Amino acid sequence: MSAGTEEPLWRRVHSVTGVIPRSRHGHRAAAIRELIIVFGGGNEGIAEELHVYNSVSKQWFLPAVRGDIPPGCAAHGFVCEGTRILVFGGMVEFGKYTNNLYELQASRWLWKKLKPRPPRNALPPCARIGHSFTLLGNKCYLFGGLANDSEDPNGNVPRYMGDFYELELQSVSGARSWSVPDTKGGGPSPRESHSAVAHSGRGSPKLFVFGGMQGRRLGDLCPASEFKTCQPGFPGAPSAVRITKVRGGACGGLRCLHSLMRLVPAFIRFQNFLCGLSKYLDGNPTSVQVF
């Protein structure tokens, strides 16, 4: 931490009231103003309720949702833009994964199932869990995950995914289409339970991918970096993604099921922070550039 910067402080939240969610893992959460919205996860079954925590009143409640209410899911993609939340994929029951896309308008607690157009040059993303789903501008980027190739829902034939999709959103509500950007360079290996975060700092925006699982824990840092939008006048022109390995010393430990978030301007120091942990942890860094 730089001089004059206050040290991070963990503190347990006490005196919570309302309908408190049961313990779980594989859930997702997002903040909209003073509300923290929690969806999905598993613990002796998949949790279906949408739980909301008011950080001002310190109260949990169950909003009266309506519309195309999705089934509960775990290890799904979950992004927040303004007052809407997008949910993609996840496990809906043991061995059964989904590739459905839902939108929640939190201002009205209205769910809507979205059906974006498939890519022109590929199939839409398959059902999966443990993928990353990251918002950058008016697009979401889907990377990796774990698919189940078993035809028997009680069986499990795992397939680690290394595919990369772009989802173009409509303003306010809806999604237009999936696409598969052209990629260059040596991309991240297939993986699941990794983390990804978008960062718009100096230069072009970047998408950083860290860690995950591929039969073993991974500790590489892969920025899917420098996303530049297509110029007007070229509708449908593909984006190109350059993927490069981040070189340098040890950067974090081998891990999966972790979280990675952007905190402006602190994320600018993310790599230095992780490298500072190398005294205790071992890892090996990766990056992606989009033109």
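This section describes the secondary structure, aromatic pairs and salt bridges of a predicted model.

The chain comprises 1 helix and 20 strands. Of its 291 residues, 45% count as buried. The accessible surface of the chain amounts to about 15,800 Å², and 52% of this surface belongs to carbon and sulfur atoms.

Five of the strands are arranged as follows. An open sheet of 5 strands, with mixed pairing, shows the order β1-β5-β4-β3-β2. Its edges are formed by β1 (17–18) and β2 (28–32), each of which pairs on one side only. Within the sheet, strand β3 (residues 35–39) is paired with strand β4 (residues 50–54) in the antiparallel sense, over 5 bridges. In this pairing, Val38 stands opposite His51 of β4.

The loop between β4 and β5 contains Lys58. With a relative accessible area of 36%, Lys58 is partly exposed, since this value falls between the limits of 20% for buried and 50% for exposed residues. When neighbours within four places in sequence are left aside, the residues in contact with Lys58 are His14, Ser15, Val16, Thr17 and Tyr53. One of these, His14, is 44 residues away from Lys58 along the chain, and the C-alpha atoms of the two residues are separated by 8.5 Å.

Aromatic side chains were examined next. A pair of aromatic rings is described by the distance of the centres and the angle of the planes. The structure holds 8 aromatic pairs. In one of them, the ring centres of Phe61 and Trp109 lie 6.5 Å apart and the planes stand at 80°, so the pair is classed as edge-to-face. Phe61 belongs to strand β5 (residues 59–61), whereas Trp109 is located in the loop between β9 (96–105) and β10 (110–114); the pair therefore ties together parts that are 48 residues apart in sequence. Phe61 is partly exposed, at a relative accessible area of 29%. Trp109, in contrast, has a relative accessibility of 15% and counts as buried, because the limit for that class is 20%.

The rings of Tyr165 and Trp178 form an edge-to-face pair as well, because their planes stand at 80°, with the centres 5.9 Å apart. Tyr165 is part of strand β13 (residues 158–169) and Trp178 is part of strand β14 (residues 175–179), so this pair ties together parts that are 13 residues apart in sequence. Tyr165 and Trp178 are both buried. Together with Phe88 and Phe133, Tyr165 and Trp178 make up one aromatic cluster.

Charged side chains were considered last. Side chains of opposite charge can pair when their charged atoms come close. Under a cut-off of 4 Å between a side-chain nitrogen of Lys or Arg and a carboxyl oxygen of Asp or Glu, the count comes to 6 salt bridges. Glu81 and Arg84 form one salt bridge, in which the closest N and O atoms are 2.7 Å apart. The two partners fall into separate accessibility classes: Glu81 is partly exposed at a relative accessible area of 28%, while Arg84 is buried at 2%. Glu81 and Arg84 are also linked with Glu103 in a network of salt bridges.

Strand β13 contributes a charged residue to a further salt bridge, that between Glu166 and Lys139, with an N to O distance of 3.6 Å. Glu166 lies in β13 and Lys139 in strand β12 (residues 139–148), so the salt bridge ties together parts that are 27 residues apart in sequence. Both partners are buried: the relative accessible area of Glu166 is 6%, and Lys139 has a relative accessibility of 14%.

A salt bridge is also present between the side chains of Arg176 and Glu168, at 3.7 Å from N to O. Here both residues are partly exposed, Arg176 with a relative accessible area of 37% and Glu168 with a relative accessible area of 27%.

Methods:
Residues are numbered from 1 along each chain as its sequence is written. This is a predicted model: local features need pLDDT of at least 70, side-chain atom pairs count only at pLDDT 80 or more; totals for chains, interfaces and linings use all residues. Side-chain values use heavy atoms; hydrogens and water are left out. Two strands pair if DSSP finds at least two bridges between them. Helices (H or I, at least four residues) and strands (E, at least two) are DSSP runs, numbered from the N terminus. Rings of Phe, Tyr and Trp (its six-membered ring) pair if their centres lie within 6.5 Å; planes under 30 degrees apart count as stacked, over 60 as edge-to-face and the rest as tilted. Buried means under 20% relative accessible area, exposed over 50%, partly exposed in between (1.4 Å probe, protein chains only). Contact means heavy atoms within 4.5 Å. Accessible areas come from the Shrake-Rupley method with a 1.4 Å probe; for residues, only the protein chains shown count as cover.
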